[in-house]
Amino acid sequence: MSRMQLDHLSYAAGPDGLAATALRLADLLGEKFVDGGIHPRFGTTNMILPLAGGHYLEVVEVLDHPASDKAHFGRAARALSQAGGGWLGWVVRVDDISTEEARLGRTAGDGNRHRPDGIELRWKQFGTSNLHADPQLPVFIQWQTPEHMHPSWGASGDLALTSVEIAGDVARVTDWLGSPAGNVLGDVDVVWVDGGARQGLVAASFTTAGRIVRI
C-alpha cells in the first residue's frame, strides 16, 4: 500500500451558483476562496480554499460542456447541485497510485485543471464512479505537479479541518483504503454517523479564529 493522506473535500455548488456558494462558505469560515479554474476533462470549474495541514476545500460547479455528461465527476456534481448542493466527496492523496490500482483492480485516469493564471495542474485519479454508486468511498489521487503547486499552498494556518462525518460502512471503507480511515486522516477525526438512506460525507468541522464551524 502506498502512503496515504487526506487531500481535499469537494462541495457541489447550490442552485445560486459557484460564486454565491463559495461566498456563503467563506462567510462561515472567515477566509476567501480563490478561482481554481476549469477541469476540461470533467466539464466542471471550481473555487479553492487552502487549509492547514496540506488540505484544501473545493466548491465545484458543472459547466455547459459535453464532458460533464460523460465524466463521472461532472455527472455527480450536476446531480447534487440540482438537488440543492452540498458535500460531494472526499479525496485521498497517494504517492504511488499504481499500487492502489493493482490492489483494487481499478485503472486510474488523467485529470487536469487550468488555473486562471495559465498554469496547468495534472494528476492521476480513480474512484469518481463511486460518487454515484458508493459515495462513502473516497477518490484516490496522485499529483503530477510540484508540491509548491498543490492547491493547499498558501494556507494561512489559521483555518484547519478538524473532523469529517461519514455515513457508511466502516468495514467497507477500511477495505477500500486498505487501512482504517482514522489512520489515513491523521489529525482529522472521522466520525461515523447514521445517514439513513444517504451515504458519504455529510458534514465537516473546521477551526477558524478560535472557534469551531460545522458545515
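**Salt bridges and nonpolar cores**

Let me start with one residue, Lys-124, which at 23% relative accessibility counts as partly exposed. I should say at once that the model we are looking at is a predicted one, and that the values I quote are computed from it. The 23% of Lys-124 falls in the partly exposed class, because buried is reserved for residues under 20%.

What does Lys-124 pair with in a salt bridge? Its partner is Asp-110, and the N to O distance between the two side chains is 3.0 Å. If you follow the chain, you will find Asp-110 in strand S6, residues 109-114, and Lys-124 in strand S7, residues 120-126, so that the bridge links parts of the chain lying 14 residues apart. Asp-110, for its part, is also partly exposed, with a relative accessible area of 35%.

There is also a place where salt bridges share partners, and there Asp-7, Arg-93 and Glu-147 are joined into one network. For the whole model, the count comes to 11 salt bridges. As general background, side chains of opposite charge can pair when their charged atoms come close.

Let me take the network one bridge at a time, beginning with Arg-93 and Asp-7, whose closest N and O atoms are 2.8 Å apart. Arg-93 sits in strand S5, residues 86-94, while Asp-7 sits in strand S1, residues 4-12, and the two are 86 residues apart. Are these two residues buried or exposed? Both Arg-93 and Asp-7 are buried.

The second bridge runs from Arg-93 to Glu-147, at 3.5 Å from N to O. Glu-147 lies in the loop between strand S8 (139-143) and strand S9 (159-167), whereas Arg-93 is in strand S5, so this pair ties together parts that are 54 residues apart in sequence. The two ends of this bridge fall into opposite classes of accessibility: Arg-93 is buried, with a relative accessible area of 11%, whereas Glu-147, at 54%, is exposed.

I turn now from charged residues to nonpolar ones. In soluble globular proteins, nonpolar side chains tend to be buried together. Here the largest nonpolar core holds 41 residues, and the members that touch the most others are Leu-9, Leu-57, Trp-90 and Phe-206. Which element gives the most to this core? That is helix H1, residues 18-29, which contributes five residues. Apart from this core lies another, made of 20 residues, including Ala-12, Val-60, Val-139 and Trp-143.

Technical notes. Residues numbered from 1 in each chain as written. Predicted model: local features only at pLDDT ≥ 70, side-chain atom pairs only at ≥ 80, totals over all residues. Heavy atoms only, no water. Salt bridge = Lys/Arg side-chain N within 4 Å of Asp/Glu carboxyl O. Helix = DSSP H or I, 4+ residues; strand = E, 2+ residues; numbered from the N terminus. Buried < 20%, exposed > 50% of the residue type's maximum accessible area, 1.4 Å probe, protein only. Core = buried A, V, L, I, M, F, W, Y, C linked by side-chain atoms within 4.5 Å.
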